[in-house]
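Here is a set of exercises to work through with the model open on your screen. Try each task on your own, then check the worked solution below it.

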Amino acid sequence: MTSTRPINQTAIWAQLHQHQRCTRFLHMRDLFAQEPDRFECMHEKLNGLLLDYSKNRITEHTLSLLIKLAETAELSDWIHKMRDGEKINVSEKRAVLHTALRQPATAKIYVDGHNIIPDVQRELIHALDFAESIRSGQHRGSRGDRITNIVNIGIGGSHLGPQMVTLALKPFHDPNIHIHYVANVDSNNLHEVLAQINPAHTLFIIASKSFTTPETLLNAKTARQWFLQQGFDEHDIAHHFVAISSATKKAMDFGIAKENIFAMFDWVGGRYSVWSAIGLSVMCAIGRQHFLDFLEGGHAMDQHFFEAPFRHNIPVLLGLIGLWYSTFYATTSHAIIPYDYGLRRLPAHLQQLDMESNGKQAGRYGEHLDFDTGPVIWGEEGVNCQHAFFQLLHQGPRLISSDFIVPINSFSSFDKQHQVLVANALAQTEALMQGKTLAEAYAELAHLDNEQCDMLAPQKVFPGNQPSNTLLLDEINPFTLGMLLAMYEHKVFVQGIIWGINSFDQWGVEYGKILAKRIEPQLQNQEPLNHDASTNGLINYFRKHHHDTTSA
């Protein structure tokens with residue numbers, strides 16, 4: 001039923017607040033004791049992925065209320081609008097069609113009356129064919145050398161997604177091709193990569209939709225200059241540099257051959273772009289078929305998201321449960337904890353996906369949202385993080401929800417280590433949920449005298465009741481990784497729709513860039529400053545102490 005009222009002025013919003021007040025002291029250990037079938041009722045499976053969401057501060061009634069909230073927000077209608085190519089990115093008047101990048105060639109999706117699927121397929125084949133020419137040795141350097149190093153120069157979605165996928169799919173790499181990523185404008189990043197490579201064997205990928213992204217273009221120009229300083233000529237650029245961009249002329253002016261410029265679409269945001277030609281570095285690493293498997297995994301999750309009822313829809317459930325904590329418990333953060341070395345950059349990728357999408361307090365039509373929205377996303381790989389921030393999760397004063405991501409099988413030959421890894425992951429979710437009471441702590445310390453017991457027992461109490469989701473995957477392969485990433489994309493979409501946020505613009509990223517353009521020349525000259533006192537003082541301190549190394 002359509003509602004013209006803001007979501008936080010609806011009856012279901014008030015009911016959820018009331019339900020939270022009535023249930024906030026329920027402990028999950030009691031819920032599990034009362035509901036022997038709790039796991040059976042609160043897990044979902046899809047193509048080798050299992051989501052266990054039973055270790056959350058929810059009941060079936062909680063889920064019913066949250067689903068009613070999704071229905072009140074007309075989530076189904078918004079899903080159809082996205083799927084059908086309507087311009088739901090209202091601030092930029094664009095469709096949102098990263099899901100189209102994963103559609104089969106027979107699909108039909110229209111934007112302004114034009115079926116975009118042939119365009120998607122053309123650019124996909126273009127990129128895959130080029131990647132195969134690198135892998136086969138057909139495309140060589142200007143002196144006939146085989147390309148063995150790929151340097152991807154981008155930032156944000158042109159960096160985080162491809163880097164994360166490349167690392168996650170290491171077992172599927174061509175061992176003769178080495179992939180490097182440069183994003184930071186800090187010169188140490190580029191310098192470290194250039195020190196490892198031979199220019200004759202290197203291909204640079206410049207990833208920038210506008211070919212004007214300041215950080216990317218500065219790194220690209222510096223790499224170009226370094227390349228020429230190694231004894232190569234201008235005409236050699238075309239053999240060693242390619243671009244992923246919509247600005248064909250600017251890329252060609254840089255020296256890149258027109259046939260080696262791969263298109264980007266304005267209806268795909270950077271943080272959703274790894275499925276497109278932005279994934280060229282991934283294609284070079286894993287090859288055509290594995291990249292197609294990656295797309296197919298994403299498509300499988302899309303179909304599930306589009307078709308499954310909300311009560312059994314994995315991204316919808318994750319979105320609603322996350323919203324339950326962020327908005328109704330007023331939690332401020334959510335941890336992503338992959339128990340897989342290959343997924344070590346997943347938290348960083350999801351930071352951008354979630355926080356750049358939903359880190360907003362203005363609604364999609366400019367209205368102020370006077371309730372809590374997107375949380376801080378953070379995390380680290382297990383088990384390393386157990387010896388770092390888990391102390392806070394277990395005994396700190398804050399309610400923090402977590403996602404544990406665990407592959408059942410590993411490509412490593414050290415199976416004993418993998419079993420220890422999995423045991424640690426499952427033990428942590430149990431400990432976070434169950435906790436340890438003061439009585440249990442005293443029982444553990446019964447061998448000590450009373451004074452020592454009184455001192456130590458409170459320190460050994462674990463409140464428990466810390467919520468977590470566990471995602472088990474058969475293994476981390478291109479298909480399951482595709483499902484996992486698409487799942488998180490849709491989770492973010494669900495939350496944005498219910499909060500009334502446009503999850504597909506990022507105006508907060510732009511303001512700092514504008515000020516940086518103003519400050520940068522002021523660091524080099526002595527013109528009068530008109531910033532605030534702090535910024536003026538910092539610029540003056542830099543001017544006084546900076547040593548110019550340009551001519552060194």
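## Exercise 1: The mixed sheet

Strand 10 (residues 333-338) and strand 11 run parallel and are joined by four bridges. The model you are looking at is a predicted one.

**Task.** Find the bridge partner of A335 in strand 11, then work out the strand order of the open sheet of six strands.

**Solution.**

- Start at A335: its bridge partner in strand 11 is W378.
- Now go to strand 12 (residues 401-407), which pairs with strand 13 in parallel over six bridges. P407 sits opposite L473 of strand 13.
- Carry on to strand 2 (residues 49-52), which is antiparallel to strand 13, with four bridges between them. Here D52 is opposite T470 in strand 13.
- Put it together: the order is 1-2-13-12-10-11, and the pairing is mixed.
- Check the ends: strand 1 (43-46) and strand 11 (376-379) are the edge strands, each pairing on one side only.
- For the twist, neighbouring strands in this sheet are turned by 15 degrees against each other on average, ignoring direction.
- Last, look for a helix on the sheet: helix 17 (residues 415-434) packs there, touching strand 12 and strand 13, and its direction makes about 155 degrees with that of strand 12.

**Task.** How many of the six residues of strand 13 are buried?

**Solution.** Strand 13 (residues 468-473) is mostly covered, with five of its six residues buried.

## Exercise 2: The parallel sheet

**Task.** Which strands stand at the edges of the open sheet of five strands, and which helices pack on it?

**Solution.**

- Read off the order first: 6-5-7-8-9, with parallel pairing.
- Strand 6 (178-182) and strand 9 (261-262) each have a single partner strand, so one side of each has no neighbour in the sheet.
- Look at the strand 9 end: two bridges join it in parallel to strand 8 (residues 241-244), and A243 has I261 as its bridge partner.
- Now the helices. Helix 8 (residues 187-194) lies across strand 5 (149-153), strand 6 and strand 7 (202-207), at about 160 degrees to strand 6.
- Helix 9 (residues 214-229) also packs on this sheet, touching strand 5, strand 6, strand 7 and strand 8, and makes about 160 degrees with the direction of strand 7.

## Exercise 3: Salt bridges

**Task.** How far apart in the chain are E440 and R29, and are R122 and D119 buried or partly exposed?

**Solution.**

- A search of the whole structure turns up 17 salt bridges.
- Take E440 and R29 first: their closest N and O atoms are 3.4 Å apart.
- Then place them: E440 is in helix 18 (residues 438-444) and R29 in helix 2 (residues 28-34), 411 residues apart.
- Both ends are partly exposed, E440 at 35% relative accessible area and R29 at 25%.
- Next, R122 and D119 form a salt bridge at 3.1 Å, N to O. They are three residues apart in helix 6 (residues 117-136), which means about one helical turn between them.
- R122 is partly exposed at 46%. D119, at 17%, falls under the 20% cut-off, so it counts as buried.
- Also try R102, D302 and E489, which are linked in a network of salt bridges.

## Exercise 4: Helix packing and cores

**Task.** Where do helix 6 and helix 13 meet, and what kinds of residues make the contact?

**Solution.**

- The axes of helix 6 and helix 13 (residues 288-307) come within 10 Å and cross at roughly 145 degrees.
- From helix 6 come L124, L128, D129 and E132, and they meet R288, F291, L292 and L295 of helix 13.
- Sort them: five are nonpolar, none polar and three charged.

**Task.** Which residues have the most contacts inside the largest nonpolar core?

**Solution.**

- This core has 116 residues, and W267, L280, L481 and F493 have the most contacts inside it.
- Helix 20 (residues 478-499) contributes the most, with 13 residues.
- Click on F493: leaving out residues up to four places away in sequence, it touches L75, W78, I79, M82, I88, F305 and F504.
- Then find the other core, lying apart, with 25 residues, among them V182, L190, V193 and F204.

Conventions
Residues numbered from 1 in each chain as written. Predicted model: local features only at pLDDT ≥ 70, side-chain atom pairs only at ≥ 80, totals over all residues. Heavy atoms only, no water. Pairing = 2+ DSSP bridges. Contact = heavy atoms within 4.5 Å. Axes fitted to C-alpha atoms, helices over the stretch in contact; angles between N-to-C directions. Salt bridge = Lys/Arg side-chain N within 4 Å of Asp/Glu carboxyl O. Buried < 20%, exposed > 50% of the residue type's maximum accessible area, 1.4 Å probe, protein only. Nonpolar A, V, L, I, M, F, W, Y, C, P; charged D, E, K, R; others polar. Core = buried A, V, L, I, M, F, W, Y, C linked by side-chain atoms within 4.5 Å.
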